[in-house]
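Me: I should like to study a protein structure by question and answer. Please show it, and then let us work through it step by step.

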Amino acid sequence: MSRRISPVLFLLIAAAIGWGDELCSDQQLPSFLTGRIAAEAAWLTPLKETDHLVEQSPSAGLIISSPYWKQIDVLVVLRYQQPEVYAYSKTGERSSHSLYQLMGDIGLMVPISPPNNPRYQFRFGGGFSLFFIRATEEIGSYLLDDNESDFGNWLKIETPALSLGGLKMRLFAELFTAWSLPQRTHFLLSGVTLESRLW
Amino acid sequence: MVNQKKTAALALLLIGGASILHGAEQWIQAESPWQSQRASGEGVFGTETASEYFNRPADALLPWNHQERFDPHAISPHLFGANRLFFRSGPEDESTGLIFGNEVGDPLWQELKERRKGANRTPTTEAFAYLPFNSGAAVWGELRQVDHWSSRFAPDRKRRLQPPGTQAETVRDFHSWFGENYPDYSSLGGGATFQNSHGSAAFQARSVWWWTPSPGSRRELPLLVDEIQGQFHYQQWGIQSRNYHAEIDDLSPRSGTSLDIHELLLYSREPEGEELWKTWLLFRQEEKNGDFPLTPEYAFRAIMGLDRSVSWSNRFRFAGSHWLGGTEWGVRDTLEVYQSFGRQRLSQRLFAELSNRKNPLNSYRESDESGTVIADLTKSSTWQHYGFSLGWSSSLGRFRWQLSSTPWMGRDLLYFDAESYKWKEKRWQRSGELRVAQGNIWGAQQRAVLSYSSCLCRGWELEYLNELALAGPWRLMEIEPAQHRAALRHFWKLPSGLDLRGTLLYTSGATIRSYSPEEFVEPDHFEMNLEIRQHLFGNRGEVWIALLNPLADDLTLSPNGADDRFRTIAGALWKF
């Protein structure tokens with residue numbers, strides 16, 4: 001169904017952009033005059049498709065962000081998890097294994113709350129992810145003991161920042177979709193970030 | 001802007017044959033220039049593997065696979081009858097960076113749920129560096145490996161590298177620079193260049209693991225190709241030496257046999273500007289070692305060429321390419337006339353192409369293991385191609401449009417007459433020879449383009465292309481173009497340095513013949529592509545992601561083709 005609708009959507013979006021407001025001026029490339037670094041501690045929760053096959057797991061990450069354009073920030077994230085997974089052999093025996101997962105994200109965060117005061121400002125964002133996984137040991141006849149990778153996308157919402165000296169603390173929830181087949185795979189990541197000025 | 005560039009690109013196409021890379025800055029970036037051309041809706045269709053395509057640019061008209069055409073204007077490297085863009089002179093990109101892509105849909109965690117090994121998806125990986133020095137020198141290196149489209153052929157390729165009667169573990173686990181996917185090509189190379197105000201010098205070496213269908217039977221050859229090139233320019237004069245050693249590298253009795261190609265090209269370079277006066281002389285020596293399946297018709301040959309293009313008073317333009325080598329020859333001439341009345345512009349174009357070879361660099365006899373010739377591509381016979389094009393373009397406000405019609409006629413065209421087929425290693429292998437399709441073949445192409453741009457940074461373009469196979473021996477031709485093709489192209493350059501580029505393409509399906517016992521009809525389908533590109537630090541840096549054909553649907557687009565899938569490619573580049 002969505003495949004049939006996609007061309008129509010594309011046409012509508014292209015037409016809307018073509019007719020939209022002028023948003024053309026000389027190119028002002030983002031200069032990245034300031035940069036921030038954040039440590040992320042979070043909890044990875046597999047959703048529906050794999051929730052009984054992949055255990056929840058702690059997650060650690062590093063975020064580098066910089067003002068991109070007006071109030072929009074760009075961020076690059078590197079993240080690591082090591083969830084326990086359950087695999088079934090051909091005879092139906094269940095076994096438990098450990099899986100490394102490395103995630104790389106890139107995307108934009110936009111402030112969304114109505115009052116123009118950073119203290120109450122929620123932020124919303126999205127972007128693309130690259131997932132890289134490998135089992136720590138051979139799992140039956142699965143491919144997972146080899147290097148496997150795929151792209152995906154993410155959507156994230158962040159609470160207003162709490163200032164702690166020079167640091168800023170935020171809570172966040174992030175929904176990931178890995179473009180796997182035969183079904184997409186979804187994960188929820190929720191946690192806390194602690195941010196500091198880098199340059 | 002887009003329209004002008006595109007028209008310019010198409011004009012160059014017509015004038016220069018298939019010099020298709022001129023519009024490249026407008027294209028969506030994909031695995032290779034061919035795939036970029038396809039993603040931009042410029043005519044490539046029928047992907048077979050990462051290095052093989054059925055290619056017929058919209059304006060190429062002749063019902064042949066244009067990847068295999070000789071382009072006398074470009075005289076670019078030709079290996080096994082086709083222009084292989086990964087054997088280029090110089091680096092693909094004068095920047096340093098990384099590109100990573102994947103056929104979307106790797107099972108990942110879904111394997112746990114499915115309780116079995118899922119259908120694997122394969123990556124594309126490229127790393128390259130270009131380091132210029134103040135002295136005018138630069139060094140570069142690149143590793144480019146496209147594993148996309150390889151999963152269909154990987155098991156058979158693996159089998160060809162496995163000693164009979166042995167366990168799978170003893171398989172020679174490589175035919176690429178890294179990984180285990182048996183990709184179509186895996187190329188590692190590098191070089192150095194030096195230039196000053198008088199001229200330049202360059203040297204490069206490259207080694208490519210490459211599975212390529214042979215030009216005759218289409219049997220896949222497992223090759224390791226070593227390349228060494230050197231070139232030297234002084235003012236407008238240039239000399240280039242290209243050397244290839246292509247060796248069969250599997251466990252068959254023919255393993256270790258090879259073909260050596262040595263080329264020396266002397267040429268005058270194109271000066272800047274409209275006027276073009278270019279001459280070249282190509283010496284080509286081919287030497288077969290052992291029982292290599294392809295036997296060149298000539299061990300040595302010399303071909304000379306002359307290109308000339310000139311325009312008068314902005315109303316007339318002549319362009320021609322001519323070549324001669326022994327008893328073989330070809331001419332390709334175009335005369336264009338323009339008239340402008342205010343916003344209206346009329347154009348007439350007359351073109352003629354005559355030759356007695358289909359491709360002088362693809363004259364091989366292919367033999368099987370017993371030495372019997374199974375494919376003969378050495379036929380020499382005069383063929384002709386004439387056409388006339390009438391075009392009208394105009395504009396109103398921010399809209400521009402362009403209509404044209406091009407009837408054409410071909411006479412005594414050459415075609416591959418396949419006498420028998422064999423299904424082996426998941427491919428159709430054929431045997432036969434080049435023959436003359438006696439008589440006249442008629443076709444016509446109609447084209448309508450409507451474009452809108454609100455400024456230099458935003459616009460869209462709608463193109464419709466209609467092709468008619470009117471009369472004559474069409475049933476013998478390799479490619480009968482799709483009757484209807486449409487493209488919607490869109491770009492938006494935001495002030496933050498973010499470029500969005502998208503295409504939505506429709507094709508009603510072309511027919512490909514003489515590659516499989518039944519004619520292959522490409523399914524009619526939509527394609528959609530999107531590129532997001534961010535320029536950084538005064539255009540010195542770039543990061544980009546391209547979503548290539550999410551509508552792919554695992555269609556097979558050519559007789560021996562692998563499944564066409566949604567691919568995502570991301571890259572980061574920096575210019576030192």
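**The interface between the chains**

Reply: In this predicted model, chain B and chain A bury about 5100 Å² between them, and carbon and sulfur atoms give 68% of that area. On the side of chain B, the residues that lose the most area to chain A are B:Trp109, B:Leu112 and B:Pro495, which together make up 18% of what that side buries.

Me: Which strand of chain B gives the most residues to the side that touches chain A?

Reply: The contact joins 61 residues of chain B to 56 residues of chain A. On the side of chain B, the leading contribution is seven residues, and these belong to strand β30 (residues 525-536). The name asked for is strand β30.

Me: How many residue pairs are in polar contact across the interface of chain B and chain A?

Reply: The rule finds zero salt bridges across this interface. Polar contacts are a separate matter, and they are counted here for pairs with both residues at pLDDT 80 or more. The number of such residue pairs is 11.

**Inside chain B**

Me: Is B:His525 buried or exposed?

Reply: B:His525 is found in strand β30 of chain B. Beyond its close neighbours in sequence, B:His525 touches B:Leu505, B:Tyr506, B:Thr507, B:Leu555 and B:Leu557. Its relative accessibility is 8%, and the cut-off for a buried residue is under 20%. Therefore B:His525 counts as buried.

Me: Which residue offers the backbone oxygen that the side chain of B:His525 reaches?

Reply: The side chain of B:His525 comes to 2.7 Å from a backbone oxygen. That oxygen belongs to B:Pro523.

Me: Which residues does B:Thr212 touch, not counting residues up to four places away in sequence?

Reply: B:Thr212 lies in strand β9 (residues 199-213) of chain B. With 0% relative accessibility, B:Thr212 counts as buried. The residues that B:Thr212 touches are B:Glu52, B:Arg84, B:Arg219, B:Glu220, B:Leu221 and B:Leu223.

Me: Which residues of chain B are linked in a network of salt bridges?

Reply: Side chains of opposite charge can pair when their charged atoms come close. Among the members of the network are B:Glu52, B:Arg84 and B:Glu220, and B:Thr212 touches these residues. The full list is B:Glu48, B:Glu52, B:Glu68, B:Arg84, B:Arg157, B:Asp184, B:Arg218, B:Glu220 and B:Arg427.

Me: What separates the C-alpha atoms of B:Gly190 and B:Phe128?

Reply: B:Gly190 has its place in strand β8 (residues 185-195) of chain B. Leaving aside neighbours within four places in sequence, B:Gly190 is in contact with B:Trp140, B:Gly141, B:Phe203, B:Gln204 and B:Ala205. B:Gly190 and B:Phe128 are 62 residues apart along the chain, and their C-alpha atoms are separated by 9.1 Å.

Me: Which strands of chain B does the salt bridge of B:Arg447 and B:Glu463 tie together?

Reply: The side chains of B:Arg447 and B:Glu463 meet in a salt bridge, with N to O at 2.9 Å. The pair ties together parts that are 16 residues apart in sequence, because B:Arg447 and B:Glu463 lie in strand β23 (residues 427-455) and strand β24 (residues 458-471).

**Inside chain A**

Me: What pattern does chain A follow along the sequence?

Reply: The secondary structure of chain A comes to one helix and 10 strands. Of the 199 residues in chain A, 43% are buried. Read along the sequence, the pattern is α-β-β-β-β-β-β-β-β-β-β.

Me: How many residues apart in sequence are the parts that A:Glu195 and A:Arg36 tie together?

Reply: A:Glu195 and A:Arg36 form a salt bridge at 3.5 Å, N to O. A:Glu195 lies in strand β10 (residues 185-197) and A:Arg36 in strand β1 (residues 36-46), so the parts tied together are 159 residues apart in sequence.

Me: Is A:Ile112 buried or partly exposed?

Reply: A:Ile112 lies in the loop between β5 (94-111) and β6 (123-135) of chain A. With A:Phe122, A:Phe124, A:Leu155, A:Ile157, A:Leu175 and A:Leu188, A:Ile112 makes a nonpolar surface patch of about 550 Å². Because its relative accessible area is 44%, A:Ile112 is partly exposed.

Definitions and conventions:
Residues are numbered from 1 along each chain as its sequence is written. Chains are lettered from A and ligands numbered from 1 in the order in which they are written. This is a predicted model: local features need pLDDT of at least 70, side-chain atom pairs count only at pLDDT 80 or more; totals for chains, interfaces and linings use all residues. Side-chain values use heavy atoms; hydrogens and water are left out. Helices (H or I, at least four residues) and strands (E, at least two) are DSSP runs, numbered from the N terminus. Buried means under 20% relative accessible area, exposed over 50%, partly exposed in between (1.4 Å probe, protein chains only). Contact means heavy atoms within 4.5 Å. Patches are made of residues with over 30% relative accessible area and no salt bridge: like charges are joined within 9 Å, nonpolar side chains (Val, Leu, Ile, Met, Phe, Trp, Tyr) within 5 Å. Accessible areas come from the Shrake-Rupley method with a 1.4 Å probe; for residues, only the protein chains shown count as cover. A salt bridge is a side-chain nitrogen of Lys or Arg within 4 Å of a carboxyl oxygen of Asp or Glu. Buried area is the accessible area (1.4 Å probe) that two parts lose on being put together, summed over both. A polar contact is a pair of N or O atoms within 3.5 Å; within protein, one must be able to donate a hydrogen and the other to accept it, and residues adjacent in sequence count only if both atoms are side-chain atoms.
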